[in-house]
Amino acid sequence: MTHLVTHDDPALLLHAYLDGELDPVNTLALEARLARDPRLAAGLSQLETLQRMIRESLPREAPSAALRGRIEAAIGMRRRRAFRCSAPASTWSTRPRCRRWSIA
């Protein structure tokens with residue numbers, strides 16, 4: 001069940017909206033509020049500009065192998081050294097089934 005989110009601090013909603021974190025009901029409610037409130041719409045515009053400027057000016061870096069390993073360990077995944085393939089499941093399938101990731 002979706003609940004309509006109401007906050008005294010509209011900045012929280014703007015950030016969630018900009019990040020795509022609101023569900024459809026709350027997205028529609030905030031969009032209606034933005035249409036009625038020019039100050040709120042201006043705040044969203046400022047946040048969009050700030051986000052764009054940050055994305056354009058900061059380089060994107062790939063995560064290090066160490067970070068990737070810590071994340072995989074934290075979520076219970078482990079990387080196998082090589083693909084492990086099994087025989088086809090049936091005679092009509094000639095492609096082996098290969099898995100690279102597994103849940104620990």
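Visitor: Hi! Which side chain meets Glu72 in a salt bridge?
Guide: Arg68 does, with 3.7 Å from N to O. Keep in mind that this is a predicted model.

Visitor: Where do Glu72 and Arg68 sit along the chain?
Guide: Both belong to helix H4, which covers residues 65-74. They are four residues apart there, so about one helical turn separates them.

Visitor: And is Glu72 buried or exposed?
Guide: Glu72 counts as buried, because its relative accessibility is 12% and the cut-off for buried is under 20%. Arg68 is partly exposed, at 38%.

Visitor: How many salt bridges are there in the whole structure?
Guide: A search finds two. Besides the one in H4, Glu56 pairs with Arg52, and their closest N and O atoms are 3.7 Å apart.

Visitor: What separates Glu56 and Arg52 in the helix?
Guide: About one helical turn, since they lie four residues apart in helix H3. Glu56 counts as exposed at 61% relative accessibility, while Arg52 is partly exposed at 44%.

Visitor: Switching to packing: at what angle do the axes of H2 and H3 cross?
Guide: At roughly 110 degrees, and the axes come within 5 Å. The helices span residues 24-36 for H2 and 38-57 for H3. That angle makes H2 roughly perpendicular to H3.

Visitor: Nice. Which residues make the contact?
Guide: H2 brings Leu30, Arg33, Leu34 and Arg36, and H3 brings Pro38, Leu40, Ala41 and Leu44.

Visitor: How many of the residues in that contact are nonpolar, and how many charged?
Guide: Six are nonpolar and two are charged, with no polar ones in the contact of H2 with H3.

How values were computed
Residues are numbered from 1 along each chain as its sequence is written. This is a predicted model: local features need pLDDT of at least 70, side-chain atom pairs count only at pLDDT 80 or more; totals for chains, interfaces and linings use all residues. Side-chain values use heavy atoms; hydrogens and water are left out. Axes are lines fitted to C-alpha atoms, for helices over the stretch in contact, and angles run from 0 to 180 degrees between N-to-C directions. Helices (H or I, at least four residues) and strands (E, at least two) are DSSP runs, numbered from the N terminus. Angles under 35 degrees count as roughly parallel, over 145 as roughly antiparallel, 65 to 115 as roughly perpendicular and the rest as oblique. Contact means heavy atoms within 4.5 Å. Ala, Val, Leu, Ile, Met, Phe, Trp, Tyr, Cys and Pro count as nonpolar, Asp, Glu, Lys and Arg as charged, and the others, Gly among them, as polar. A salt bridge is a side-chain nitrogen of Lys or Arg within 4 Å of a carboxyl oxygen of Asp or Glu. Buried means under 20% relative accessible area, exposed over 50%, partly exposed in between (1.4 Å probe, protein chains only).
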